[in-house]
Amino acid sequence: MRSISLAVLVEKLGGELIGSPDVLIAGLAPLDSATSADISFLSNPKYQQQLTQSHAGCVIVGPSVAALASTRGPCIVTPNPYLYFARLTQLWRKRTSRDASGNPVIHPSAVVDPEAHIAATARIGPLCVIEAGAKVGEGTILKSRVTLGEDCHIGDRCIVHSGVVIGADGFGFAPDNGRWEKIEQLGAVRIGNDVEIGANTCIDRGALSDTIIEDGVKLDNLIQIGHNVRIGAHTAMAGCVGVAGSATIGAHCTVGGGAIILGHLSLASGVHISAATVVSKSIHKPGNYTGIFPLDENANWERNAASLKQLHSLRDRIKTLEKENKP
Amino acid sequence: MRSISLAVLVEKLGGELIGSPDVLIAGLAPLDSATSADISFLSNPKYQQQLTQSHAGCVIVGPSVAALASTRGPCIVTPNPYLYFARLTQLWRKRTSRDASGNPVIHPSAVVDPEAHIAATARIGPLCVIEAGAKVGEGTILKSRVTLGEDCHIGDRCIVHSGVVIGADGFGFAPDNGRWEKIEQLGAVRIGNDVEIGANTCIDRGALSDTIIEDGVKLDNLIQIGHNVRIGAHTAMAGCVGVAGSATIGAHCTVGGGAIILGHLSLASGVHISAATVVSKSIHKPGNYTGIFPLDENANWERNAASLKQLHSLRDRIKTLEKENKP
Amino acid sequence: MRSISLAVLVEKLGGELIGSPDVLIAGLAPLDSATSADISFLSNPKYQQQLTQSHAGCVIVGPSVAALASTRGPCIVTPNPYLYFARLTQLWRKRTSRDASGNPVIHPSAVVDPEAHIAATARIGPLCVIEAGAKVGEGTILKSRVTLGEDCHIGDRCIVHSGVVIGADGFGFAPDNGRWEKIEQLGAVRIGNDVEIGANTCIDRGALSDTIIEDGVKLDNLIQIGHNVRIGAHTAMAGCVGVAGSATIGAHCTVGGGAIILGHLSLASGVHISAATVVSKSIHKPGNYTGIFPLDENANWERNAASLKQLHSLRDRIKTLEKENKP
């Protein structure tokens with residue numbers, strides 16, 4: 001892999017270089033494992049000790065630690081080191097990617113309905129299925145084995161990872177004397193621009209109207225999005241999250257891995273749900289919300305769990321004691 | 001999309017029409033967003049206010065609200081409006097579907113073993129894999145990218161959504177001095193009639209005998225069914241549920257999204273498990289069961305979670321206080 | 001299916017046969033459903049009653065129950081009956097498998113990049129995708145519809161079930177004024193020998209360095225492994241587990257179904273996590289750990305859950321009572 005000089009790097013990405021522009025960088029690495037051929041970054045000032053001990057050839061830092069960093073060796077100063085690092089990974093990806101110019105834009109093994117609309121600059125990977133009426137926007141990439149169902153639309157510059165299913169039927173049935181009568185799902189899925197969807201994640205089509213994923217949403221792997229859910233712009237969800245039907249989630253929310261959001265409720269913008277938390281009612285106020293049973297050694301857990309089933313009566317007993325204690 | 005008159009609609013689906021049979025319907029919509037070209041429904045009388053304010057061209061209602069509904073405009077009266085609505089979605093789907101008569105019954109991109117048995121009216125979608133000895137019943141639809149493993153059988157009129165894996169090996173290993181020795185999974189999967197299986201759901205083959213899914217079972221997306229599980233007829237499970245090996249679940253149960261059912265236990269028929277609940281022991285009595293840590297603002301949760309780890313000792317302290325308070 | 005005599009069976013698998021070597025075995029079955037043509041096993045002495053009542057043609061037992069077992073009929077005595085049974089299932093699988101000698105080693109429907117390295121004895125199933133730079137070791141089997149991403153390596157004698165995605169991008173973004181800037185994932189995935197990976201499980205590529213799965217690890221279905229996770233040798237995880245980025249898990253651990261392990265923490269070797277438990281901090285001591293809200297009838301749960309949100313204040317009230325009660 002070819003090296004790149006700090007001079008070229010700063011020319012492409014900006015930032016103030018302190019140190020020699022001729023230092024060559026061959027790779028990216030965390031502070032603690034970087035060698036003199038690597039560039040690293042410090043986004044959280046509390047890791048300053050790692051900074052001073054790092055062997056990195058260059059470190060990306062914020063203004064507040066620039067003085068300290070420069071005593072160690074070359075550094076690039078920028079207001080947001082983590083964002084700078086993100087852009088650096090993108091630059092690196094472009095430099096080191098295999099040449100894809102010979103690859104077909106629609107892989108010949110993909111099954112694309114003649115009534116689907118694929119933008120000229122979109123890429124459809126091997127063994128994808130694009131059904132009739134589906135639309136894929138400019139610059140959007142579907143990796144291998146993605147299904148995009150009938151009439152489902154995905155915007156520009158999206159990345160859809162392998163195994164994703166967009167537009168399977170929502171889970172809708174009417175009870176009929178002990179059996180279930182299917183409610184055909186007549187809506188579709190509409191996905192905005194700059195959305196990324198992780199491997200094997202599923203987004204169901206709506207029952208009557210559409211399921212909506214707004215611009216800039218980021219979904220990790222193995223997430224389930226039920227029918228008629230709406231996810232606001234720039235909301236991010238970690239792996240294994242489940243969102244039940246008709247939930248409405250605001251913009252700029254984050255949802256931790258394994259969280260479950262029940263159906264027909266709404267989350268305000270700026271709500272942050274901890275991992276593995278169950279959201280069983282609407283949340284109208286931005287903030288951090290949690291509901292996790294704390295981990296414990298098994299024996300302790302057993303005793304506390306047993307007591308938990310009597311918590312209500314414990315409360316009553318405290319009340320009684322308080323009454324008795326009143327003079 | 002062609003419109004349909006209320007006269008034709010009632011002729012096909014039954015119900016008592018109050019109002020003009022000539023009103024034309026072009027779509028289905030919820031009460032609150034329906035226009036005069038839409039038909040809507042009211043299944044829960046507590047939403048009567050939505051009914052009176054709706055602009056729907058016709059509303060499907062139960063007998064108890066027929067009088068009120070008819071003051072608003074045309075309505076169809078039927079004992080079970082939600083079931084009527086389900087049948088209406090099916091009628092609508094048939095009317096609006098793209099003509100599939102030219103589509104092959106087994107898509108040419110599917111990989112079907114010569115020793116598999118596909119019923120004449122079954123449909124096997126693009127990029128499915130049907131292994132030797134597998135059987136697919138009459139009228140059953142496998143959407144795209146479904147794997148049906150060796151010797152696994154699926155009955156009539158089933159719908160299997162994209163990405164489903166039926167008949168992967170159950171998770172069985174014998175410990176052998178710190179490493180795991182594989183237990184080959186010699187059973188298969190048997191699925192009854194009228195079963196629907198959601199996208200990317202997995203149903204493992206049995207270890208010695210078969211994993212069984214009875215008639216009318218409905219499974220949502222991203223569900224894991226372990227080896228030798230038995231799911232009784234007409235039981236429904238929402239997304240992200242996990243059922244561990246050898247669990248036996250009765251008929252007419254419902255399991256909420258993200259619930260986990262441990263292995264080697266049994267649930268009576270008519271048991272309803274709330275979302276995200278962990279079933280750690282058998283349940284012999286029909287009813288509703290729950291075990292969810294309640295959501296709270298993060299700061300409150302932290303305090304209560306810390307106290308929870310001492311709940312057992314709190315109980316002891318209450319006991320001590322009660323003894324002291326005894327005269 | 002051809003029968004096999006106990007003489008041949010013991011010749012192949014070892015163990016001490018008590019009873020006639022001419023008894024013919026046609027199948028494997030649990031003690032309670034075995035017929036005289038089946039062989040069964042007893043691994044847990046507490047099921048001795050099932051042993052004495054079983055109709056099995058032969059039972060595999062440990063030395064401590066050999067005397068009892070031999071009063072019932074033929075038995076094979078071995079130090080570890082469950083391990084013996086595992087090897088028997090492997091023998092059975094070989095005897096009863098369809099002849100695969102005519103099957104291609106790389107299925108013609110698979111999409112394999114010319115720059116991928118597939119060992120001579122590996123098998124690549126239908127509709128798999130193997131990207132450039134990927135490596136598959138000797139004897140490793142990829143069932144149908146597996147994606148092995150760019151530069152990802154998998155060792156020898158592994159089994160990868162259908163729908164697995166190895167090497168999708170890890171979930172990494174830098175916040176930038178309310179939107180998310182992608183951090184390109186420049187690492188890959190390295191998987192050791194003798195690893196088994198269940199259907200639709202996802203293992204993400206690392207951000208800078210690689211995600212590592214060591215030898216002998218067993219992962220069930222629908223598991224999410226985040227970027228830069230390291231899983232120690234011979235650790236086993238049941239279905240629906242989620243492991244967030246940069247978690248380091250020791251060797252010989254077990255993780256129950258649906259458990260969530262948060263990111264950037266470490267578990268010592270020999271840690272056992274119960275199903276559906278959330279691991280929110282590092283665990284340095286081997287042992288069993290649990291955190292599950294106990295299931296209850298819905299009405300009881302509601303009362304206790306409500307009290308739980310006041311647990312901290314209950315603790316304060318107990319403290320007050322204790323002070324008042326002091327003489």
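In this predicted model, chain B carries an open sheet of eight strands that pair in parallel, running in the order 9-12-15-20-23-26-29-32. At its edges sit strand 9 (117–118) and strand 32 (266–267) of chain B, each of which pairs on one side only. Inside that order, strand 12 (residues 135–136) and strand 15 (residues 153–154) of chain B run parallel and are joined by two bridges. One residue pair to look for here is B:Lys135 with its bridge partner B:His153 in strand 15.

Moving on to the contact between chains, 56 residues of chain B touch 57 residues of chain C. On the chain B side, several elements chip in with at least two residues each, among them strand 17 (165–168), strand 22 (202–204), strand 35 (287–290) and helix 5 (298–308). Helix 6 of chain B gives the most, with five residues. Sorted by class, this side of chain B has 28 nonpolar, 16 polar and 12 charged residues.

Strand pairing also crosses from one chain to the other. Strand 35 of chain B pairs with strand 36 (residues 296–297) of chain C, antiparallel this time and over two bridges. Here B:Thr290 has C:Asp296 of strand 36 as its bridge partner.

As for how the copies are arranged, a turn of 120° with a shift of 0.0 Å along the axis lays chain C on chain A, at an RMSD of 0.1 Å. These two copies are therefore related as by a three-fold rotation axis. Within chain C, C:Phe293 has the C-alpha nearest that axis, 3.5 Å away from it.

Notes. Residues are numbered from 1 along each chain as its sequence is written. Chains are lettered from A and ligands numbered from 1 in the order in which they are written. This is a predicted model: local features need pLDDT of at least 70, side-chain atom pairs count only at pLDDT 80 or more; totals for chains, interfaces and linings use all residues. Two residues are in contact if their C-beta atoms, placed from the backbone, lie within 7 Å. Helices (H or I, at least four residues) and strands (E, at least two) are DSSP runs, numbered from the N terminus. Ala, Val, Leu, Ile, Met, Phe, Trp, Tyr, Cys and Pro count as nonpolar, Asp, Glu, Lys and Arg as charged, and the others, Gly among them, as polar. Two strands pair if DSSP finds at least two bridges between them. Copies are superposed by least squares on the C-alpha atoms of residues with pLDDT of at least 70 in both.
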